Structures are given as C-alpha cells and as structure tokens.
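Got a minute to go through how the labels on this model were earned? Let's take them one at a time.

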Amino acid sequence: MKFSTLELDAEILLDLYMNMLKPRLIEEKMLVLLRQGKISKWFSGIGQEAIAVGVTMALDNHEYILPMHRNLGVFTTRKVPLYRLFAQWQGKASGFTKGRDRSFHFGTQQYKIVGMISHLGPQLGVADGIALAAKLKDKNEVTAVFTGEGGTSEGDFHEALNVASVWQLPVLFCIENNGYGLSTPTSEQYNCENLADRSLGYGMESHRIDGNNIIEVFTKVKALAESIRKTPRPILLEFKTFRMRGHEESSGTKYVPDALLEEWKGKDPISNFESFLEAEGILNASQKADIISNITSEINQHLEVAFNENEIDINATNELSDVFKKHDYKQVTSNSNTEEIRFIDAVSEGLRQSMERHEDLVIMGQDVAEYGGVFKITEGFVEQFGKERVRNTPICESAIVETAMGLSIAGMKSVVEMQFADFVSSGFNPIVNYLAKSHYRWGQHADVVIRMPCGGGVGAGPFHSQTNEAWFTKTPGLKVVYPAFPYDAKGLLHTAINDPNPVLFFEHKGLYRSIKQEVPADYYTLPFGKANLIKTGNEITIISYGAGVHWVLDTINKYPELSADVIDLRTLQPLDTETIYNSIRKTGKVIILQEDSLFGGLASDISAGIMENCFEYLDAPVKRVASLETPIPFAKALEDQYLPKDRFEKALNALLSY
C-alpha cells in the first residue's frame with residue numbers, strides 16, 4: 001500500500017493512526033467479552049477502520065454523521081465516552097438506549113451522530129433531511145451517511161440519491177464496499193463494475209477511494225467536504241475495502257476463499273500505515289507501546305465503570321412514558337368571528353396559519369407547490385411562503401418521510417402530504433420503524449405530521465379509497481387523528497403540528513367539499529384524546545369517526561324518538577376511553593361503526609376494551625359494523641354494497657330490540 005503525506009504534519013498523521021488503533025483495540029476486547037457471554041452480539045469493523053476514522057476526521061465536529069454497525073471509529077473519533085458505549089452494548093441504563101436497543105442502533109445529538117436501524121436504507125433519506133435543514137438555514141454544513149454495498153440494492157438508496165440530486169443537498173453518500181452482504185458476494189449483489197458509476201443516473205459527482213488507505217480517505221473526503229460547503233451538492237463515494245470477520249461473529253467466514261482473506265489481510269489499514277509511519281520516522285517502538293498502553297488503560301477503566309453499573313430498574317411506567325416526547329398541550333382559544341367553510345377549506349386554513357406561526361415548518365409532497373396538491377389544499381402557498389418551504393417532491397414516499405425525520409433531527413418541523421392515504425404503503429417502513437420508535441429508543445422525537453387523504457364513497461377504486469388507520473393505531477409511538485367536521489379538522493391540525501411527535505392526520509376525501517360548518521377565522525387548538533359527545537341520550541351509545549359520524553347522524557335523524565349518546569372519537573391514538581366507558585355505563589348498549597373492513601379494525605379493540613371494563617353494565621353484546629372484507633370496488637353499486645352505511649341502520653335497530 002502506498003501512502004503520500006500530501007504535506008500532512010506529523011501530529012495529524014499520528015492522530016489518524018491513534019484514531020484507527022483505538023476502535024481496533026476496543027473490538028479485540030469486545031470479541032473476548034463476546035466469548036465470555038458479557039455482550040450479546042458484535043458486528044466487526046476490523047479492516048475497515050480507515051473509512052470511519054478518515055471520514056469523521058475530515059468533517060467538522062458539529063456536522064452530522066450517520067454511521068453503520070461497522071463504524072465504531074466514528075464514535076471513538078468523536079470522543080464518545082467509552083463507558084457509555086460499553087453500557088450500551090451490555091444493555092445498561094447509562095447506554096444511549098437505556099437497554100432498549102443494542103449495538104449501534106442509537107444516536108446522540110451531543111456528538112452529532114445518528115445511528116442506523118436494521119432496515120439500513122432509511123438513514124440515507126434521513127441524511128437528506130438533515131442536509132436540507134442545513135441548506136435552508138444557510139449553515140454551509142456537510143452531512144455524511146454510510147451504507148454497505150448490499151444496502152445499495154434497497155429502494156431507499158435510489159430514492160435518497162434522487163432527492164439529494166434534485167434538491168442539490170450537501171450530502172456525502174459513503175458506500176463501504178466490503179465484499180459481502182452477510183454471505184452473498186458482490187457478484188450476486190449488483191451487476192456493474194463500480195457502484196460509484198451509478199451516480200451517472202442521478203446527475204451526481206462520484207469518486208472511488210481506497211478504503212484501506214487512511215491518508216487517501218482523509219485527504220479526499222476533507223477536500224470534497226470543503227468544496228460542498230462552498231457549493232452545496234451531493235457526492236457518491238465508493239470505498240473499496242473488505243470485511244475480515246463474519247457479518248456478525250456467529251456467522252463466521254467459511255464462505256470466503258482463504259486466498260481472498262490472505263490477500264486483504266496484507267492490506268490491513270492499521271499495520272500498513274504503522275509501517276509507513278515507522279519508515280518516515282514519525283512513530284517509533286516506544287511511542288507505539290505508550291499509545292497502546294494508554295488506549296488499553298482507558299478501555300479497562302471504562303469497562304470497569306460499565307461492569308459496576310447496576311442493572312436497569314424495571315419500571316413499566318418509565319417505559320410507557322418514553323414512547324412519546326412529553327408535550328404540554330397549550331389551549332389556544334379563538335376570539336374571532338366564525339365563517340361557514342368546507343372541510344377542505346378548514347384543512348387549508350389550518351396549514352396556512354401554522355406556516356405563519358412556525359417559520360421552521362416545511363410542507364412536502366407530490367404536486368403541493370404551484371399546482372396546490374391534487375385537492376388544491378395548498379393552492380397559493382408558494383406565493384406566500386416560497387418554494388423552499390412548500391416543496392414538490394419526486395414520487396418517493398419513503399425518502400420523503402425519511403427526509404421529514406431528518407428535518408426533525410435538525411430542529412425543524414414538517415408536514416408530508418400523501419397524495420392518497422393508500423400510497424403510504426410505499427413509505428410504511430420509515431413511519432412504523434423509524435418515526436414511531438426513535439423517541440423510545442434514544443430520545444429523538446419525530447416532529448412530523450403526515451396528511452392522509454382517505455376514504456371511499458367517491459368511486460375511486462381499490463388504490464385511492466382505503467381508510468387504513470388501523471395500520472398505525474397498532475404501532476406504539478404514532479398518534480392518529482381522524483376528524484369528521486371542519487371545526488375539528490382545523491383545530492386538531494394546529495395541535496398536530498405543535499406536537500413534537502409523529503402524527504398521522506386522516507382527512508376523508510368524501511367530506512372535503514360536502515361538509516360545511518361555522519369555524520373561527522383565526523388560529524385555535526383542540527386537545528388530542530378528547531372525543532366529542534355530539535348527542536346525548538340514555539338508550540344506546542353510538543361510536544364512530546370520520547365519514548361514519550355523518551352516516552350515524554343521517555340514520556338517527558330518521559328516528560327522532562331515539563335517545564342516544566353519539567360519540568365522535570376525533571383522535572384514535574390517543575383514544576378517549578373515559579368518554580366511551582362513562583357513556584356505556586349509562587346506556588348499557590353500544591354499537592361501533594367504522595368505514596374500514598371489520599377484522600383487525602379499531603372497532604375490535606374498542607369492543608375488547610368495553611368488554612374488559614364495562615361488562616357488568618352491558619344489556620346486550622357489543623355490536624361492530626364495518627365494510628365488507630374485500631378491497632374497495634370502483635363501480636358505485638359495488639362500492640355502496642361494500643360500505644357499511646346501509647347495514648348500520650339494520651344493525652342499530654336489531655341492537656335496540658335486543
């Protein structure tokens with residue numbers, strides 16, 4: 001291996017050496033602890049230290065890095081205290097995830113590191129969001145994000161690079177091409193000579209770098225980072241390296257030819273650089289011994305601290321309280337005149353007034369800028385707020401959700417419009433695995449609202465008509481809002497945007513232009529977790545949300561003598577069980593109407609909760625009414641049959657007669 005100092009002084013060269021040696025010595029110790037059963041798993045980066053160390057030293061300490069599970073050198077170069085890393089790997093409370101996750105699945109704002117999740121790809125889009133925030137704030141900062149050659153096969157890789165290129169975001173996409181994805185060789189991972197060549201498809205600059213040559217890594221990345229700060233743009237870097245140990249230790253390396261291992265052993269980044277420094281007279285045997293002794297002493301001291309730490313205090317209350325970032329709801333009451341507006345106008349007003357209130361709020365989605373969105377909700381927003389804050393996106397739901405997460409990490413808010421709620425399936429993974437779990441895992445909130453135009457009754461067929469709220473009410477860490485009236489839509493949208501936690505905000509398309517209501521003209525908020533008792537009575541409790549509330553009202557208007565509590569849930573997570581249970585204890589009968597198909601829907605969980613908490617008050621079985629167990633058909637007659645509106649009246653009368 002050939003090294004060129006490129007006028008680097010001895011101090012920097014020694015720093016490069018020590019920063020590589022430290023993670024190597026830590027790893028060697030961890031492998032011993034793994035065999036002793038003192039840690040549960042280890043993903044080795046032995047042989048790849050030059051990449052993590054070189055990239056980290058090339059960036060400023062206030063610039064974000066998003067590493068993978070072989071990038072221990074990122075954490076040690078950023079001077080993360082070793083005892084906290086050791087506690088993390090042992091599942092101790094002083095670890096970064098309080099024992100809730102392992103390995104490098106964590107981040108730390110203090111050191112500007114954002115860890116990975118096992119799905120690999122989402123962190124690429126998160127880097128886009130962090131870089132977008134830096135660009136919007138004119139910070140002249142670079143964001144570096146790592147992935148492996150296997151991760152480049154994921155759709156998130158394509159989406160993230162495309163978004164970064166279209167928006168010219170200051171991101172260094174770092175591919176560690178280390179030969180194998182677990183046991184699958186690169187020849188079965190992709191069919192091109194160099195992954196860096198893929199940059200041509202994105203109109204993006206790229207470079208291939210010897211990932212085992214610390215000087216080449218450091219000097220090239222440093223020069224590129226300085227260039228990006230002056231001229232923001234994404235760059236794709238392919239680091240050629242090799243994984244000397246198994247994907248994780250239990251995997252082994254039997255699938256790797258011995259000759260190949262020997263070849264790369266000769267390219268070891270530390271031993272080669274060490275020999276170079278010795279030949280240059282920069283490092284001698286005494287210095288080397290002192291460096292090893294000092295690092296070993298630090299490792300042992302910090303291990304003792306971690307080993308002596310008490311085991312985690314098991315407390316369910318603490319666990320539950322950390323699912324969401326604490327948010328003190330602030331009631332804002334309107335003193336303005338009201339005006340009769342449509343549901344769609346209420347949503348638009350809610351967005352506009354929130355944009356005026358929060359200068360760090362960004363709206364993103366397909367066609368939301370000049371076109372105003374397919375429902376024209378953001379029409380005129382570009383003229384008022386500019387294209388930096390009202391951003392058309394490529395068709396890439398996953399990357400845009402991830403970008404929103406990155407904006408939140410960088411201290412900004414965002415609203416993402418799914419053109420139709422059905423399309424959220426293309427962004428499902430980052431919602432349920434990244435946004436929902438981040439605060440519980442390492443205390444990082446996701447200040448993201450995802451708007452979900454949804455629902456049937458408009459002849460839009462199977463791919464534009466779903467009401468898929470149950471996909472998300474099941475996932476701890478997400479809040480789910482589903483208003484039925486313009487007044488609620490505006491006030492709850494304001495609250496959703498104020499809330500630092502991820503919110504799925506469902507808007508029924510069938511209500512957009514069919515429902516009107518008197519709504520305050522200025523800004524106001526409504527609390528989450530508080531249902532609306534629309535009507536009161538003693539015979540029966542009727543529970544619904546969204547369009548179902550209007551089907552209920554249409555039905556009971558036919559029966560003026562009926563005495564019923566009608567509950568509009570408004571928010572599904574959190575759910576107002578107090579209002580539900582108090583009503584049932586009064587009426588003794590309950591029917592739940594949902595537009596979603598029956599099995600696995602919200603009505604099932606509400607019903608179970610009623611049976612567990614109000615069984616002795618019931619005078620009849622809990623009744624659920626829902627759509628048919630089919631996809632949503634297009635033809636009106638078929639859709640009318642699918643939807644539960646007509647079946648609700650029959651079920652209501654049967655329950656009243658029970």
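**Cavities, pockets and burial**

By the grid rule used here, the count comes to five cavities of 30 Å³ or more. The model is predicted, so to speak by its own scores: local features need pLDDT of at least 70, side-chain atom pairs count only at pLDDT 80 or more, and totals for chains, interfaces and linings use all residues. Residues are numbered from 1 along each chain as its sequence is written, and side-chain values use heavy atoms, with hydrogens and water left out.

Q: What makes something a cavity and not a pocket?
A: On a 1 Å grid over the protein atoms alone, a cavity is a set of points where a 1.4 Å probe fits but cannot get out, whereas a pocket is an open set with protein on both sides within 12 Å along at least five of seven lines. Grid points are joined across faces, edges and corners, and a volume is the space filled by probe spheres set on the points. On that footing the largest cavity has about 90 Å³, the second largest about 60 Å³, and the largest pocket about 330 Å³.

Q: How do you know which residues line the largest cavity?
A: Lining residues have an atom within 4 Å of a point. The residues listed for the largest cavity are S40, K41, W42, F43, H69, W89, R102, S103 and F104.

Q: What makes that lining four nonpolar, three polar and two charged?
A: Ala, Val, Leu, Ile, Met, Phe, Trp, Tyr, Cys and Pro count as nonpolar, Asp, Glu, Lys and Arg as charged, and the others, Gly among them, as polar. Sorted that way, the lining of the largest cavity has four nonpolar, three polar and two charged residues. For the second largest cavity the split is four nonpolar, four polar and two charged.

Q: Which elements give two or more residues to the lining of the second largest cavity?
A: Those are α14 (397-409) and β11 (413-417). Helices (H or I, at least four residues) and strands (E, at least two) are DSSP runs, numbered from the N terminus.

Q: What lines the largest pocket?
A: It takes 18 residues, with G456, G457, W551, L643 and K645 nearest the centre. Helix α19 gives the most, with four residues. By class it's six nonpolar, six polar and six charged.

Q: Why is N468 called buried?
A: Buried means under 20% relative accessible area, exposed over 50%, partly exposed in between (1.4 Å probe, protein chains only). N468 has 2%, so buried it is. This residue is in the loop between β12 (448-454) and α16 (470-473). Contact means heavy atoms within 4.5 Å, and beyond its neighbours within four places in sequence N468 is in contact with A421, D422, V424, M452 and F506.

Q: Is G350 buried or exposed?
A: G350 has a relative accessible area of 0%, so it counts as buried. It is found in helix α12 (residues 343-357). Leaving aside neighbours within four places in sequence, G350 is in contact with K490, L493 and H494.

Q: Why is the protein called as compact as a globular protein of its length?
A: The radius of gyration is taken over C-alpha atoms, and the globule rule is 2.2 Å times the number of residues to the power 0.38. For 658 residues the rule gives 26 Å and the protein has 28 Å, which is close, so the label fits.
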